[in-house]
Structure formats: structure tokens, C-alpha cells
Amino acid sequence: MKKIVVENLKYKYPLTDKLALDGVSFEVNEGEFIGIIGQNLAGKSTLCQSLVGLVPHFYRGAYGGKVLIDGKEVLKSDISELALKVGMVFQNPFTQVTGAKLTVYEEIAFGLENMGLSRNEMIDRIDYALSLLDIYKYKDRNPFDLSGGQMQRMAIAGIIAMKPEIIVLDEPTSQLDPQGSEEVFKAIQALSHEGMTVIMVEHKIEKIARYSDRVMLMHQGKIIDFDTPKKVFSRGDLKEYGVLAPAFTRICRAFDIKDEEGFYPVTLDEAYDAVVKING
Amino acid sequence: MGRIEVKDLHFSYNKGEEILKGINLSFDKESTAIIGQNGAGKTTFVKLLKGLLKPDTGDILILGKNTKETTAAELAKYVGLVFQNPNDQIFKNKVLDEVMFGPLNIGQDHEEAEENSIKALEMVGCKDIYNKNPYDLSLSERKLISIASIIAMKPEIIIFDEPTIAQDYVRREKIKAIIKNLTENGKLVLTIIHDMDFVAESFERVIVFQNGKVLMDGHTKEVYSHADILNSAYLEPPHITQLCNKLGYKDTFLTVEEFIESKQSLRQK
Ligand SMILES: Nc1ncnc2c1ncn2[C@@H]1O[C@H](COP(=O)(O)OP(=O)(O)OP(=O)(O)O)[C@@H](O)[C@H]1O
Ligand SMILES: Nc1ncnc2c1ncn2[C@@H]1O[C@H](COP(=O)(O)OP(=O)(O)OP(=O)(O)O)[C@@H](O)[C@H]1O
Ligand SMILES: [Mg+2]
Ligand SMILES: [Mg+2]
């Protein structure tokens, strides 16, 4: 089933003269894990905001085309209704903290308050999300006393606890330690296997290559490519879009190591297998 | 004696929960990366170096001055810190005013401050937005503005707390060049960062923090050759090093370029 359908979306922020999104069209199936890449200012965050309705409902501006979430048009829905279906983790976790709550625990509970959940269900979900992000031990701490990475973990936990059907993550692991980001990618992939649709923007290209079902390459408000990681990262012109291929792909390209279909390996395991095969 | 001397440093925010548990370090010239698990105490440590926090026990000497006996305002002339979250640093309505604030504050005259600020903005590639309001900028741009603000003050010691957050490949290369340039000009550069490939490509020395202590301290190649210790600290070797480890190579390669060069020269023989 098509979970997200975007048709010729064009968008311009108020008081600007350039389209931030310039004729964007694509479809995403339920349970897919989509990675979005592209250089700074390509339009990645703007596209994310258009899926949760902040574009155009909050930012206003000039809007054309259509975004359908589960067949329902974003332009004609209100944000609070959409929020139950589509959860978003913002690029800067500091801006996501409500400032209204005294503890990490209350901060996570806040998002669940208007969902009509039973008390037990709420407690279960909060405990699950806090443990998943490995911050249960900080549940009584003031959110502003957390380290940067701990705060980012809290922002992710808050959205996961809401169990949205679609989760949009805008550079969610930029402040996580290496194993922490690996764990978050694994956890999000597990959720996608359970049916959650995932849209994730990241500059961590090796992780995008490893965990995405499909990769969307954006540039100047347009979609340049939207295909499997192997196909996208085997392109010879990535640098023109300000993107560096995964380390493993760069090595295999230098030695011309391709698979049967003519694509370069994009993950550690693929590169390892390819090298071993050649060396016999 | 190094430009920074840290002796048996202990620190806690709240009684009963010690965050830094006896740190001894010396820094002089080498560009240094500080890596470690979330919550290990990295940001707390550099706030202590800048004198924004004071040790519970132990001492920090910055160019011979004990931070306990020196005001943060005095230390600001020698130590610049680019905050992890640019929003903690930025508060003016115009980019140029924002960058000039620090230089003016430590006593540069208007002309000098403006010149240094424009140079710094040029260095981070943000000169053309000097007239914009920082609040209208993206996170990646705000981070670059906060870097320029510190560079314009020309401190002898510059500390970056996660400079590459939100930066794309091109801007990551730019930050790499800035760190190299500052080091070549005799500055001491310390950088907290989670990007292991960036560390391998940019720094001479790596310090691993774990749970308020220093777990490893050495040359970059040496530190990254200990995959097991890194794993125990929630870290990992750079991607290329991971591949070489998996293939069973004995040498530790730190960058893709280094690896490709070495293998290509082998083939040619
Ligand atoms: N709130 C805003 N007001 C005006 N223009 C904006 C706003 N947010 C983004 N833009 C502009 O929209 C375009 C796309 O920006 P966007 O933030 O979506 O890019 P991005 O790909 O997420 O970049 P980054 O990698 O830096 O996060 C840019 O030209 C940017 O300057
Ligand atoms: N103001 C504060 N009050 C109480 N505890 C704090 C405060 N600031 C930080 N902490 C705690 O101190 C510990 C160290 O935090 P610090 O910010 O130094 O970590 P870090 O190594 O920089 O982590 P990260 O990689 O996530 O940025 C964390 O457990 C954090 O929750
Ligand atoms: Mg963005
Ligand atoms: Mg920190």
C-alpha cells in the first residue's frame, strides 16, 4: 500500500525568492525505510516538514502540488490530527524540548497525554522508549541538564513512544556516539520491519547505505535519484551534488570491484565479500 | 610545561554523582580529538578548561594561570570554545554583530574586530550572509557562524565541541582545512567529535574518555589499532580500519586515500 504520495510539490518560504522544493514527486510503501541525502540547503528538512504539515500550515508561504498521507491530503488536514499518524524528530534536539516539564520522564509523557491511552499503556510505552534509547537511568533528570547526545536520545524516545505509523527523522544521530547511532539505526529498522514507515535524513552515509531500502538524493529542491543504495551510490557524479559515497564504495571503485549487476558494494560486508572473492 | 596542564581533576554537578573522576592531561601543540560515549564528560571537561565551571578538587593551568584564580572573562582572551549547541552561543540579530561581539568584548578596537570578523566569516564560507539574522539561518550555518565568532577572537587555544554537526561533505572538508590551518599557525586545537573517519583524517592525537576518566591517550594510529578497547567505550574504528581488520590485514590504515595509495603502489611493483 502507498503510505506517502507526493505529487509535483512546489514550495517557497515567505519572503524568499527561491523554491525550497521544486516539483518533487515520489511514493513510499508502508514499512519502507527511506534514507534522504543531499548537501546543505538541498531541501531535505523542508521536505520532512511538508510530510508532518508544518509546511505549509506553520510556515505559510507559497505551496503547489499535493502531499497525501494514507490517502489524506496534508493541505486539508490539521497538524494535530496529522501528528497522531506522523511523528517527527527535529534536526536540532534542543528545539524539541518543551521547556515545560521538569524531568525526562514527564517530557516523554507529554507527547502521549492527548492520545487517550490508559495509564498502564502510557507507563509501558515510556519505559520501553527510555530503555530502547538507553536513557532510563536519567529519567528523573531535568531535560536541560542532559548531555547533547542524551538529549537527542530523549527526542527520539519521545516520538517512538507515540508509535506513529510514519516516523520522520531529521539527522537524528548527529550527536550520538558511534555505537549509539548504530543501535538507533538498528532499532528504527526493526520498527520498519514491524510496519512503521521510516523517512530518515542523514549525512552518515555508511549507515544510510546499510539500513535504507531506498535512498533519495536531493539537490536544489529537486529529487535527482530515488533508488536502491547500490544504484544511487554507484553513480559517478555524486560529488557534483555535494555527497561522498560510502568509504567501502570508494575503495571498491578505486580497484574496480563490482558485483554481477555492475554495481559497487556499499556496506562493510559487501565490500569484504567482494574482496575475498577476488583474492580467491 | 604544556599550554594546558590538568592535574587530578574532579568535578560533579550534584553531590553524590561525580562526573569527572581524576583526570591528568597535558596539552601543548598537537591537534587533539577527544572522543567518547554520550555522557562521558567531554563537554563538562572543556567547560572547565574555559573556566565556565570550576574544579571540585585538582587544578587546571591555562598558560600557567590557575582557572580557580582567574575569571572567565580573563580566560576568554586565551581560550575560545565553540559550543555544542550554537543556540547557546548566538544572541545578536545580525551575523556580523554576532561575530564581532567576542572580539570587542576582549578589547579589540572596532576596526580590528571588524577586520578579524570578516576574515573569519570568509574562512568558514559565510561572508555573503554577514547581514542576515542568525535566527533565519539553518543549523549548519549557525554552527559555522559560531565557529567564526571564536576564530575572530584569535585565542591561542581553540576548542570545538562537535563542529561537524549538520555539515555536509563539502563543509566537513572546510572545517578540516580550518583545523589544519589553525594548527599550522601555532594554535592549540582541541575537538570533541563522534565522527571517527574525520578524527582519523584530521588529528595527531586522540584521547578517549569513558565514564569521567581517560581510557586511552596516544597517536591516532595507535589508538585506532585497539578495536577491542574502542568497542568497550561505545566507539568504533574508522570505516576503512574496520574493513582492514575484517580482512585480517596487519597494518592499520586510517584513511581511504592512504589505503588506496598503498595498494596501488603494491600492484605496480
Ligand atoms: N525557515 C525558513 N525560512 C526561509 N527559508 C528557509 C527556511 N528554512 C529553510 N529555508 C531555505 O530553504 C532551502 C532548503 O533548506 P532546508 O533546510 O530544507 O535544507 P536541508 O537540505 O535540510 O539543509 P541542511 O543539510 O543544512 O539541514 C534553503 O534555501 C534554505 O535557505
Ligand atoms: N547541568 C547539569 N546538571 C547535572 N548533570 C549534568 C549537567 N550537565 C551534564 N550533566 C551530566 O553529566 C554527564 C556528562 O555530561 P557531558 O555533557 O559532559 O557529556 P558529553 O561527554 O559531552 O556527552 P555527549 O557526547 O552526549 O555530548 C552526563 O551524564 C550529563 O547528564
Ligand atoms: Mg536540514
Ligand atoms: Mg557533549
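H11(A) and H10(B) sit oblique to each other, where angles under 35 degrees count as roughly parallel, over 145 as roughly antiparallel, 65 to 115 as roughly perpendicular and the rest as oblique. Helix H11 covers residues 268-279 of chain A and helix H10 covers residues 239-247 of chain B; they pack at about 45 degrees with axes 10 Å apart. On one side of the contact (heavy atoms within 4.5 Å) are A:Leu268, A:Asp269, A:Ala271, A:Tyr272, A:Val275 and A:Val276, and on the other B:Gln242, B:Leu243, B:Lys246 and B:Leu247. That makes seven nonpolar, one polar and two charged residues.

A quick note on the setup: this is a predicted model, with local features needing pLDDT of at least 70 and side-chain atom pairs counting only at pLDDT 80 or more, while totals for chains, interfaces and linings use all residues. Residues are numbered from 1 along each chain, chains are lettered from A and ligands numbered from 1 in the order written, and side-chain values use heavy atoms, leaving out hydrogens and water.

Now the magnesium ions. Donors here are N, O and S atoms within 2.8 Å of the metal (3.2 Å for Na, K and Ca), and sites may look incomplete because water is not among the atoms.

| Ion | Protein donors | Distance |
|---|---|---|
| magnesium ion (ligand 3) | A:Ser45 (OG), A:Gln91 (OE1) | 2.0 to 2.7 Å |
| magnesium ion (ligand 4) | B:Thr43 (OG1), B:Gln84 (OE1) | 2.0 to 2.4 Å |

A:Gln91 is buried at 17% relative accessible area, and B:Gln84 is buried at 11%. B:Thr43 is partly exposed at 24%; buried means under 20%, exposed over 50%, partly exposed in between (1.4 Å probe, protein chains only).

How values were computed
Axes are lines fitted to C-alpha atoms, for helices over the stretch in contact, and angles run from 0 to 180 degrees between N-to-C directions. Helices (H or I, at least four residues) and strands (E, at least two) are DSSP runs, numbered from the N terminus. Ala, Val, Leu, Ile, Met, Phe, Trp, Tyr, Cys and Pro count as nonpolar, Asp, Glu, Lys and Arg as charged, and the others, Gly among them, as polar.
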